[in-house]
Number of protein chains: 2
Amino acid sequence: MLEQRFIDGFEQLAPDQATRQIITHALEVFSRKGFAGTKIKDIAASAGFSQGYVYMYFKSKEEIFTKIVELASEGAGRSVQYAAELEGTAMERITWLTEAFLSPGSLAMQHWRLILLQTATSEAIPEEAKRISKEKIREPFEQLIPLIMEGQRALEIVDGDPLELAIAYFSFIQGLGIARSQATEQNSFPTTELVLRFLKRS
Amino acid sequence: MLEQRFIDGFEQLAPDQATRQIITHALEVFSRKGFAGTKIKDIAASAGFSQGYVYMYFKSKEEIFTKIVELASEGAGRSVQYAAELEGTAMERITWLTEAFLSPGSLAMQHWRLILLQTATSEAIPEEAKRISKEKIREPFEQLIPLIMEGQRALEIVDGDPLELAIAYFSFIQGLGIARSQATEQNSFPTTELVLRFLKRS
DNA sequence: GTCTATATTAAGATAGAC
DNA sequence: GTCTATCTTAATATAGAC
């Protein structure tokens, strides 16, 4: 399962239970409130610890944020890689990936929100986090582009610069993630089929 | 011109030069750094005033933010209304609107970032701003939906729930706005034609 | 009108108690 | 291991000077 992939990544890089606990909850809170809007107290409360205790595991808020951006950036790349390795035509695999992204409460989406959305308001986040994000953001694109090219060769996907198509794809996904997070009504939410129309050869 | 429409809205609701100055620069800074990430000092410096002077015109950071969300929400609705009133087929008008949104440095996009993106990280922004945003966010949709329906009747636009199509449209635009704001390379940015493929009847 | 100086509050970070 | 209390810093907001 895709979600498992992310969690694995987290567990791998977090030796003890408490660190994992903090990281997991910090991801969730940062993703909702942003870097500046998140108080250490919020993370601690969410993880079930006192405010001061967090500093036993991390030396600053910046350090927590930077760590999470690193993990989330890797997770985003891995999710696309996972989809790319599935069976089926290129378009089938992209469809699967899109469904994973758009499913409500998707951890993959949470990761994207953290990375892309936050580096959009980039001036208020730590330099180190920006650097890592900028460096790792290429990975999902590098995973998706060969898939798009495969689909173009199979005449499933529209002609044109694969990078341009990949940018359009992730932008769309990103925008839908924001829309979903504010969803007042769950009905009327765009289907995978509609979303992928711009990619499909007609 | 579309940009002028927004500026008009701002001038209308800002009696004196200093207030306008603060509002204009605050929009820009909030849009880049988010509510929590923006310090009064940043706004003041950007507008060319000292930190304390801002409090001659606004009683708190919340008040500035709330005012801007109100103006920007109205501006977003007006931009769609303006496009809807143009000459041409429904699809031509939507194309025009899309170009206005996607043009680099678009004030319309800046407004969207402020409203949608910030209410996405909604827990860290003032309640009053959330209320206004939620209330006004309907307007752009209400302006676009009749245009979509017109395009469907003229067989220019794909069949399906117009609200779903409108949500997809604004999500896509929103995502592209974020992508553009981080654009490392200006080339490879999706064209209007590609973006609107998902809407076009094939 | 505009700035500088200052009071106040909130948040980050540390250190010592249980 | 975990919390409470505390120090320190930074940001909001005010008030008084030019």
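Which residues come nearest to DNA strand D? The legends below start there, and they describe a predicted model.

**View 1. The protein residues around DNA strand D.** Welcome to the first close-up, where 13 residues lie around DNA strand D. Those that come nearest are Ser50(A) and Tyr53(A), together with Gln51(B), Tyr55(B) and Lys61(B). Of the atoms of DNA strand D that come within 4 Å of the protein, 65% belong to sugar and phosphate. Sorted by class, the surface here offers six nonpolar, five polar and two charged residues.

**View 2. Polar contacts to the phosphates of DNA strand D.** Three of the residues just named can be picked out here, one after another. Ser50(A) places a backbone N or O atom 3.0 Å from a phosphate oxygen of the strand. Lys61(B) also uses a polar backbone atom, 3.0 Å from a phosphate oxygen of DNA strand D. With Tyr55(B), look to the side chain instead: an N or O atom there is 2.9 Å from a phosphate oxygen of DNA strand D.

**View 3. The protein residues around DNA strand C.** Now turn to the other strand in these views, DNA strand C, which has 14 residues around it. Ile40(A), Tyr55(A), Lys61(A), Ser50(B) and Tyr53(B) come nearest. Sugar and phosphate make up 68% of the atoms of DNA strand C that come within 4 Å of the protein. The nearby surface has six nonpolar, five polar and three charged residues.

**View 4. Phosphate and base contacts on DNA strand C.** Two backbone contacts are a good place to begin. A polar backbone atom of Ile40(A) is 3.1 Å from a phosphate oxygen of DNA strand C, and a polar backbone atom of Lys61(A) is 3.0 Å from a phosphate oxygen of that strand. Gln51(A) reaches a base: a polar atom of its side chain lies 3.3 Å from a base nitrogen of DNA strand C.

**View 5. The interface between chain A and chain B.** Finally, here is where the two protein chains meet, with 45 residues from chain A and 45 residues from chain B in the contact. Together they bury about 3600 Å², 62% of it on carbon and sulfur atoms. Two salt bridges are counted between the chains; one of them joins Arg32(A) and Glu123(B), whose closest N and O atoms are 2.3 Å apart. On the chain A side, the elements giving two or more residues are α2 (17–37), α6 (107–120) and α9 (162–181). The largest share, 13 residues, comes from α9(A). By class, this side of chain A has 19 nonpolar, 15 polar and eleven charged residues.

Methods:
Residues are numbered from 1 along each chain as its sequence is written. Chains are lettered from A and ligands numbered from 1 in the order in which they are written. This is a predicted model: local features need pLDDT of at least 70, side-chain atom pairs count only at pLDDT 80 or more; totals for chains, interfaces and linings use all residues. Side-chain values use heavy atoms; hydrogens and water are left out. A residue is near a molecule or strand if one of its heavy atoms lies within 4 Å of it. A polar contact is a pair of N or O atoms within 3.5 Å; within protein, one must be able to donate a hydrogen and the other to accept it, and residues adjacent in sequence count only if both atoms are side-chain atoms. Ala, Val, Leu, Ile, Met, Phe, Trp, Tyr, Cys and Pro count as nonpolar, Asp, Glu, Lys and Arg as charged, and the others, Gly among them, as polar. Contact means heavy atoms within 4.5 Å. Buried area is the accessible area (1.4 Å probe) that two parts lose on being put together, summed over both. A salt bridge is a side-chain nitrogen of Lys or Arg within 4 Å of a carboxyl oxygen of Asp or Glu. Helices (H or I, at least four residues) and strands (E, at least two) are DSSP runs, numbered from the N terminus.
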